[in-house]
Amino acid sequence: MMNGLRNFIDKIKPTFSEGGKLPWLSSTFEAFETFAFTPNTVTRQGSHIRDAVDMKRSMILVVIALLPALLFGMWNIGYQTALNDMSWNIDSSVWYMLWSCFWFGFLRMLPLIVVSYVVGLGIEFMFAQIRHHEVNEGFLVTGLIIPMIVPVTTPLWQLALAVAFAVVIGKEVFGGTGMNFLNPALVARAFLFFSYPTHMSGDKVWIAADLWGSDAITGATPLGEMMAGGVRPSASLLDMFIGTIPGSTCETSAIAILLGAALLLLTGIASWRVMLSVVLGGGVMGLLFNAIGANAYMQLPFYYHFLMGGFLFGAVFMATDPVTSAQTNAGKWIYGFLIGAFAVVLRVLNPAYPEGMMLAILLMNCFAPLIDHCVVSRNIKRRQSRIKIEK
Amino acid sequence: MSKNKKLFTTPLLKNNPITVQVLGICSCLAVTAQLKPAVVMALSVTVVVALSNFIISLMRNTIPPRIRIIVQLVVVSALVILVNQVLMAYVYDVSKQLSVYVGLIITNCIVMGRLEAFAMSHKPWESFLDGVGNGLGYGIILVILGFFRELFGSGTIWGYPVMEKLGMYKIGYENNGLVIMAPMALILVGVIIWIQRSKDKELCEK
């Protein structure tokens, strides 16, 4: 079957090459060819070989790492609706519930994913054609992450607008994948958050009321409850760990995200330094607030912060983005630590935004090049001082 | 004549104070959330730049070089106060909306920039035309920004509820909150610069 595909691609290749019938579609053709097969071109100049895996292969691994969170998120969408909707027969068999919840969530989630991919890839292909370069594969991951970090009731046209904004303003204006300094998925979320705040926060957006339509059932997230002056989130720690709580579609379940994290760390795609330091930063900041203890939110035990909102999802899948995070090892520690710390600061101290993870990562994305610069120039200085001594 | 015409037209596009010289960004972010204040601001700046260029050019041979900045400032401040009084007398509501930004025309880089770069070394009539051109060049961008930000941010144009009359809200459309905020104005200026440079390759840096 693979041989057949290879033969087919080789057969139609001349049509898209220089002198063929459709040369202007060459980037589109190239994108699909390298999606199916590892390209047989190799780097000829210099020695920049870092890994045997090319970018498409590593992006696929990230998508696989996202799957546990995605599948759990789909089930949880249905489960949250079932909990609040008496017409669902909760007493029916476990397997029936499992399946029908998942099916409901799958049908809710599918349009979001399709819109995200169609709009984003459409723009990417357009830019690739105009600029005559290859289609970058970064959007494979971005396009999946965007629907995973928005409320399930997000109107599709708003999502489409946000994706278009993120791809054009967050990425393509800087030269495409690898040149952007902000995480495109978070740019899309920030766009939605500031453009249509009523659809992105509050307690009326997290639980879908029915299969079609944008009606929602009222249900606060743990972060929303804390923001409203709660002493502890009403969900138990176990529920928050498993993820059976309202929230953005696929970032509620700590256990599913940790599964993905394990795969990313085993394959060496994401940096363990960033992940660990984000958690450390959040923990230290949480402990510091515990020590101050001026109000109920400050007294919240620090480990709650890991389980609420998008902290873990951000730490595992977004802070570790190899393009927008710090590149030096020391820089990664500083970068990650500050993300965790700022996320908790924003949550506890800022009365306007219930979730700080998005803004913390975007802020540190801006500072990542500066951190790297300082680390590198410090290293240069240290080595220069050795030269002076030898004189 | 053609030289004078050029003085007037180059600042409109080819040497636009905002998109090419990148001056006057602060006020262009601050006053363009709606079209009406944007237009009033554009006219005010045009009047101030044109008249101050003209007056300074008249005096250019008598100003001692060492104190030229303070002389320029006195002229500009006098004109800005005049403009502010006129606005308060005839369009009080807009004047309220613009608040400090009318007074801040004094610090607008375009005004001082044209005085230093042009009026100090050119004849009055030429300087006047240059001032009008630069003021209108600034104004064009303000009007474009004001139009799009008011349309997508508030759903109105010059206070007229366009989106509502078109029935957009009934089919689920909503106003975009980000467009009202200053960051989006900066992004829009960036988009205008992008479009302009992709049309005019001469403007691109090597």
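Start by selecting A:C250: this cysteine is buried, with a relative accessible area of 2%. Keep in mind as you look around that the model is predicted.

Now show the sulfur atoms. From A:C250, the closest cysteine sulfur is in A:C101, 15 Å away, so the two are too far apart for a bond. A disulfide would need the sulfurs to be within 2.5 Å.

Next, select A:C366. Here the surroundings change: A:C366 is partly exposed, at 42% relative accessibility. Its closest cysteine sulfur belongs to A:C374, and because 15 Å lies between them, that pair is too far apart for a bond as well. How many disulfides turn up over all chains? A search of the whole structure finds 0.

Let's move to the place where the chains meet. Select the contact between chain B and chain A: 12 residues come from chain B and 15 residues from chain A. About 960 Å² is buried between these chains, and carbon and sulfur atoms give 67% of that area. On the chain B side, highlight B:E174, B:L178 and B:W194, which lose the most area to chain A and together make up 51% of what that side buries.

Then colour two helices of chain B, α10 (177-180) and α11 (182-199), the elements that each give two or more residues to this side. α11(B) gives the most, with 4 residues. By type, the chain B side divides into 7 nonpolar, 4 polar and 1 charged.

For the last stop, what links cross the interface? The rule finds 7 residue pairs in polar contact, and 0 salt bridges between chain B and chain A.

Terms used
Residues are numbered from 1 along each chain as its sequence is written. Chains are lettered from A and ligands numbered from 1 in the order in which they are written. This is a predicted model: local features need pLDDT of at least 70, side-chain atom pairs count only at pLDDT 80 or more; totals for chains, interfaces and linings use all residues. Side-chain values use heavy atoms; hydrogens and water are left out. Contact means heavy atoms within 4.5 Å. Buried area is the accessible area (1.4 Å probe) that two parts lose on being put together, summed over both. A salt bridge is a side-chain nitrogen of Lys or Arg within 4 Å of a carboxyl oxygen of Asp or Glu. A polar contact is a pair of N or O atoms within 3.5 Å; within protein, one must be able to donate a hydrogen and the other to accept it, and residues adjacent in sequence count only if both atoms are side-chain atoms. Ala, Val, Leu, Ile, Met, Phe, Trp, Tyr, Cys and Pro count as nonpolar, Asp, Glu, Lys and Arg as charged, and the others, Gly among them, as polar. Buried means under 20% relative accessible area, exposed over 50%, partly exposed in between (1.4 Å probe, protein chains only).
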